[in-house]
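Open the model in a viewer with a selection box and a distance tool at hand. The stops below give a selection each time, then what is found there.

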Amino acid sequence: RTALRNYMRRGGGFVALHNAFGAEYNWPYYEGLLGNANFYNHGPNRAGDVEILATDPSTQGIPLKFGFQDEWYNLEPFPTNVKFLAKVDTSTLNPLTSAPHPGHKDFHPVAWCQYYDGGRAWLTTLGHNANSFTADLSGAGAEPFQKFIVQGIKSAMGLTEFCTE
């Protein structure tokens, strides 16, 4: 914990994917690093559309909407003091029989960035399915997702601009 805190305070970059939101409960610093959010629950693994919300180095060249398959995490508390990069269009979740978290009805974010304690944090709740990461791009939305992740990592590393307006 001390090493991570010191790393961030020296201007480090942090990238959180999917189940990073299910770790380090009861550590306020880590929760802050995640945008003041924690994993609450998720519905069934299902298809839905990811919508890009912001112009940012990590979203450059990503389609504004692409299909994806995931668990679609619900968060509690809701992320704060962050720049939202992407959300799931909850009207496209299939099957619709399992409603999203009541607090995420009209706005269900899945990726954001923030400056935190002197460092950079780039975060996404996406990434449950192994085929989203495979080289054969067999998963729905795998290509834009992989590009998004790589660009987010480069941005958090300081290789490109970070979390721009």
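Helices (H or I, at least four residues) and strands (E, at least two) are DSSP runs, numbered from the N terminus. Residues are numbered from 1 along each chain as its sequence is written. The model is predicted, so local features need pLDDT of at least 70 and side-chain atom pairs count only at pLDDT 80 or more, while totals for chains, interfaces and linings use all residues; side-chain values use heavy atoms, with hydrogens and water left out.

**Stop 1: Ser-155**

Select Ser-155, which lies in helix α3. Ser-155 has 1% relative accessibility and counts as buried; buried means under 20% relative accessible area, exposed over 50%, and partly exposed in between (1.4 Å probe, protein chains only). Show the side chain: it reaches the backbone oxygen of Glu-161 at 2.7 Å. Such a polar contact is a pair of N or O atoms within 3.5 Å; within protein, one must be able to donate a hydrogen and the other to accept it, and residues adjacent in sequence count only if both atoms are side-chain atoms. Not counting residues up to four places away in sequence, Ser-155 touches Arg-120, Thr-160, Glu-161, Phe-162 and Cys-163. Contact here means heavy atoms within 4.5 Å.

**Stop 2: the disulfide**

From Cys-163, move to its partner. Cys-113 and Cys-163 form a disulfide with sulfur atoms 2.1 Å apart, where a disulfide is a pair of cysteine sulfur atoms within 2.5 Å. The structure holds 1 disulfide. Cys-113 sits in strand β7 (residues 108-116) and Cys-163 in the segment after α3 (142-157), so the pair ties together parts 50 residues apart in sequence. Which hand does the disulfide of Cys-113 and Cys-163 have? The torsion about the S-S bond is about 90°, so the disulfide is right-handed. Cys-113 is buried at a relative accessible area of 1%, and Cys-163 also counts as buried, at 12% relative accessibility.

**Stop 3: β7 and β8**

Select β7 in full: 8 of its 9 residues are buried. Add strand β8 (residues 119-124), which runs antiparallel to β7 and is joined to it by 6 bridges. Two strands pair if DSSP finds at least two bridges between them. Trp-122 in β8 is the bridge partner of Cys-113. The hairpin of β7 and β8 has 2 residues between the strands, and in it Asp-117 takes a positive phi near 50°.

**Stop 4: the cores**

Keep Trp-122 and add Val-50 and Trp-72: of the 22 residues in the largest nonpolar core, these three touch the most other members. A nonpolar core is a set of buried Ala, Val, Leu, Ile, Met, Phe, Trp, Tyr and Cys residues joined through side-chain atoms within 4.5 Å. At least two residues of this core come from each of β3 (46-52), β4 (65-70), β6 (83-94), β7 and α3. Apart from this core lies another, of 18 residues, including Phe-14, Ala-20, Leu-34 and Trp-112.

**Stop 5: aromatic rings**

The structure holds 16 aromatic pairs. Rings of Phe, Tyr and Trp (its six-membered ring) pair if their centres lie within 6.5 Å; planes under 30 degrees apart count as stacked, over 60 as edge-to-face and the rest as tilted. Select Phe-84 and Trp-112, an edge-to-face pair with 6.2 Å centre to centre and 70° between the planes. Phe-84 is in strand β6 and Trp-112 in strand β7, 28 residues apart. Is Phe-84 buried or partly exposed? At 21% relative accessibility, Phe-84 counts as partly exposed, whereas Trp-112 is buried, with a relative accessible area of 0%. Next, select Phe-14, Trp-27, Tyr-29, Tyr-30 and Tyr-116, which ring pairs link into a cluster.

**Stop 6: Asp-70**

Go to Asp-70 in strand β4. Asp-70 counts as buried, at 0% relative accessibility. Its side chain reaches the backbone nitrogen of Gly-127 at 2.7 Å. Measure to Thr-125 as well: the C-alpha atoms of Asp-70 and Thr-125 are separated by 9.2 Å, with their places 55 residues apart along the chain.

**Stop 7: backbone details**

Finish in the loops. The peptide bond from Glu-76 to Pro-77 is cis, with omega near 0°, and Pro-77 lies in the loop between β5 (73-75) and β6. Asn-26 has a positive phi near 70° and counts as exposed at 76% relative accessibility.
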